[in-house]
Structure formats: structure tokens, C-alpha cells
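Me: Could you pick a single part of this model and give me a close look at it? I'd like to know what sits around it, and then how it fits into the rest.

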Amino acid sequence: MTILFLFLALFALMFIGVPVAISLGLAGSLTIFFFSPDSVRSLAIKLFETSEHYTLLAIPFFLLAGAFMTTGGVAKRLIDFANATVGHIRGGLAIGAVMACMLFAALSGSSPATVAAVGSIAIAGMVRSGYPQAFGAGIVCNAGTLGILIPPSIVMVVYAAATETSVGKLFMAGVVPGLMLGVGLMVAIYIVAVKKNLPAMPRASFREWLSSARKALWGLLLMVIILGGIYSGMFTPTEAAAVAAVYSAFIALFVYKDITIRDCPKVLLESGKLTIMLMFIIANAMLFAHVLTTEQIPQQITAMVLEAGLQPWMFLLVVNIVLLVAGAFMEPSAIILILAPILFPIAVQLGIDPIHLGIIMVVNMEIGLITPPVGLNLFVASAVTKMPVTDVIRAVMPWLALMLVFLALITYVPMISLGLPNLLGM
């Protein structure tokens, strides 16, 4: 009865248009009020406990680093470097856009930020060179999803907080899948470009390539600082996020000089708004998860799954279907916080590695970001290109098949995710 009421209340509230964060909090609060012996005062305590979670402190810092990188000209320099590297190949501007998304993903940790930063420059450049605008929008929208797969990733931080797993290990587990998806997109673009005879840029000279690499170097160094610092043990992922924020501000203000001290309050305000929005969702989702835990719901569902005799491959298939449906309607962090506490104990009982499960969930969230009706990347790409959302959806759909094939590979070949962490002895 408690399970039924909790989920019915959640979906009823969302159906009548109540924002997801408030729906999560209200459903949890009403369930405690009517069914739980817990005091209603425990709600306030749980909300404050959420804000004190050390791992979650990484989120505002990564968002701030991304805000400085997006506001400054880092994205433009990364695109110039990518074009100088691969622009001469048939369809090179589109391949360069994917490469720029991969590089920017390693700085921002956010998919919508990657689409906004790279798309605003790359799509216009592709159109000027003779590419169809829809083709450019579809490419950047899909490649932008790498923002949550290539570390650092805000969604991975949320998963780590929800399941008490290692953020550093999750980050390392995302490297190979992220590179694999990026390269897969590039190969697909090249095949389409050859068939459609899309233009190629003149080959950049070695001096031009070196010049673009030198300009992009300060941005690229951030990847080395974050991952190198975490793996070497110099600092924790949360400390790495703080270092990234300070470094990004220093680069934007004093090295590239794209923004001035006077612009800083605006950058801080924008990242602050994003942080508050995300942390409000997380706080309410943690409240929902608290009700799940106190009512022993994950344990009951685990027992039911084990009694049903589900094999690990069947369980992962069900997980993917549930996550793909949820991803079409909800924000990634909220989905992770609702479903991770339920799926995690079942996966452990079935012998599925928690890190592998985390990467599967992140890849599903990637697909959710480009799936209507609520795919965030679709709306960002629409805003950047001034195309109607329906046109962006049509542009994205041909690439969705590639994403689904990639999801199947990640799900059933765990070594893709776990190979690098295991090799590094993590």
C-alpha cells in the first residue's frame, strides 16, 4: 500500500503539471504523513542532511567551472583546434564539432552546457560552409550528450552520492565509453559525408595546427588537472571540482582575457541559479529516496526480482527499458536519485558491478537528453539554432539508432566500462 501510494502520488502530481522537484518532495512528505511512524520533523532534518553531503559539493564547483569556460572563448578555441586537426577530412567540420564536444565535455560536466557552448559556434560555421542546418543541429545535439559521460560528470557525482560508490572510479569508467561513442559518431558522420558529398576544409598547415593547439592548451590542461589530480591522489573529486572552478576563472580572466572582473558577478549568478535548481531537485529526490529506504521498498523489490528468477541479462534489459521511458519525461539527476536506490541492491545481489550499473544509467540518461518530449538538449539546440523543436527532433532521430546500439554494447560488455579502472587498480 505504501509503495502504491508513494508512486501514484508522484505520477499524479507530475501529470497535473507540478514541477518534478516539488512532486518528489510532496510525494515523500505525504507518504511519511499518512503511512510512516516517522515524525514530519524528520523531513526538515533530511533536507539539511542532503545539503551537507560532501560528494554533492562538487556540483556547484563543476557548474562554476563550466560557466567560466562557456562565458569565455574556450569553446571557440577548442572548435578551432578540432577543425585544424580533422577539418580536411570529408565532413570534417561535423567531425570537428564532435571532437570539440568531447573536449568541452571534459571541462564542463554538463550536456546542455556542451550543446550551448559548441553549438552556438559550430553549427553556424557548418551552415556557412554548405552543410544543412538540420544536419549540424542533429550532430551537436547527439555529441553534446557526451557532457555527462566523459568525466567530470555531474550525473556521475549524483549517482555516487546516491549509492555511496567511488566518484573517481566512475570518472575513470566513463573515459573509454566516452571516447568510443565520440569515435563512433565521427565514423558515422564520415560515411554520411562521403555519400552526401559534404564539403571538406583545406588541410591546415602544421604551423596553423600548432597555433590552434597552443591557444586551446590552457583549456585542455583542465582535463589533466582534474583527472590527473584525482588519480594521483593529490585531491578528492570534490577538491578537484574546486580547483577546476578557480583554474577556469583564472584562465578566463587573466590568460584568455575574454571576460573582465566586472563580468564575474553575472557568471556567478548564472552558475548559482543552475546550482540552486539542481540542488533543489536533489534535496527533494533524496527525501523521496529516504522514504523508499525507511519503508524497506528497495529490499522488497529485490526479494520480488530474485523470487521471479530474473537472470542478470534480463534484469539489465528491464533496467534499460525503464530508464529510456523515464529519460523521456524527467531530468537525469532526478531519475538517478529515484531509481538508483531501488536498482542498486538488486544489481549487487545479481552480481552486477555497481560501477558498470552507473555507466549504464548514465548512457540511458544521455539518450533521455535527446528524446522528446522533455529532452533538454533538444531545447538548447532549438534556442541556439532558432529552429523549431520539432525540426531539431527530426534532425536528431537518425542518430538515435547509433546511441541505442552503443547502449546495448555498454550493457552487455562490462569490460568497456570496467577495463580502465581495473587496469589502474582502482
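Reply: What follows starts with one helix, moves on to the loops at and beyond its neighbours, and ends with the protein as a whole.

A bit of housekeeping first. This is a predicted model, so local features need pLDDT of at least 70 and side-chain atom pairs count only at pLDDT 80 or more, while totals for chains, interfaces and linings use all residues. Residues are numbered from 1 along each chain as its sequence is written, and side-chain values use heavy atoms, with hydrogens and water left out.

The part I'd pick is helix H8, residues 133–143. Helices here are DSSP runs (H or I, at least four residues; strands are E, at least two), numbered from the N terminus. H8 is mostly covered, with 9 of its 11 residues buried. Buried means under 20% relative accessible area, exposed means over 50%, and partly exposed is in between, using a 1.4 Å probe and protein chains only. The buried ones run from Phe-135, Gly-136 and Ala-137 through Gly-138, Ile-139 and Val-140 to Cys-141, Asn-142 and Ala-143. An α-helix has 3.6 residues a turn, so residues three or four places apart point the same way.

Who does the covering? Among the elements over the buried residues of H8 are H6, helix H7 (111–128) and helix H10 (167–196), along with helix H18 (376–385) and helix H19 (389–412).

Zoom in on Phe-135, which sits in H8 and is buried, at a relative accessible area of 10%. Setting aside neighbours within four places in sequence, Phe-135 is in contact (heavy atoms within 4.5 Å) with Ala-94, Ile-189, Val-192, Leu-198 and Trp-399. For a sense of distance, Thr-275 is 140 residues away from Phe-135 in sequence and 32 Å away in space, C-alpha to C-alpha.

Next, the loops. Between H8 and helix H9 (154–163) you'll find Pro-152, and the peptide bond leading from Pro-151 into Pro-152 is cis, with omega near 0°. Two other loops involve helices that help cover H8. Asn-197 is in the loop between H10 and H11, where its phi is positive at about 55° even though it is not a glycine. Lys-386, in the loop between H18 and H19, also has a positive phi, near 65°. Most residues other than glycine have a negative phi, and most peptide bonds are trans. Asn-197 is exposed, with a relative accessible area of 55%, and Lys-386 is exposed too, at 72%.

H6 (residues 92–108) deserves a second mention, as it gives 14 residues, the most of any contributor, to the largest nonpolar core. A nonpolar core is a set of buried Ala, Val, Leu, Ile, Met, Phe, Trp, Tyr and Cys residues joined through side-chain atoms within 4.5 Å. That largest core has 143 residues, and the members touching the most others are Ile-59, Leu-149, Ile-282, Phe-288, Phe-315 and Met-361. Phe-288, beyond its neighbours within four places in sequence, is in contact with Leu-6, Phe-7, Leu-10, Leu-24, Ala-27, Gly-28 and Ile-338. Apart from that core lies another one of 10 residues, including Phe-68, Ala-245, Ile-259 and Val-267.

Phe-68 and Ile-259 turn up again around Ala-252, whose contacts outside its neighbours within four places in sequence are Phe-68, Lys-257, Asp-258 and Ile-259. Ala-252 belongs to helix H12 and is buried, with a relative accessible area of 3%. Just ahead of H12 (237–255), in the loop that follows helix H11 (206–232), is Phe-235, also buried, at 14%.

Finally, the whole thing. The protein has 20 helices and 0 strands. Its radius of gyration (taken over C-alpha atoms) is 22 Å, close to the 22 Å that the globule rule gives for 426 residues, so the protein is as compact as a globular protein of that length. That rule is 2.2 Å times the number of residues to the power 0.38. Buried residues make up 55% of the 426. Of the contacts between residues at least 6 apart in sequence, 79% join residues at least 24 apart.
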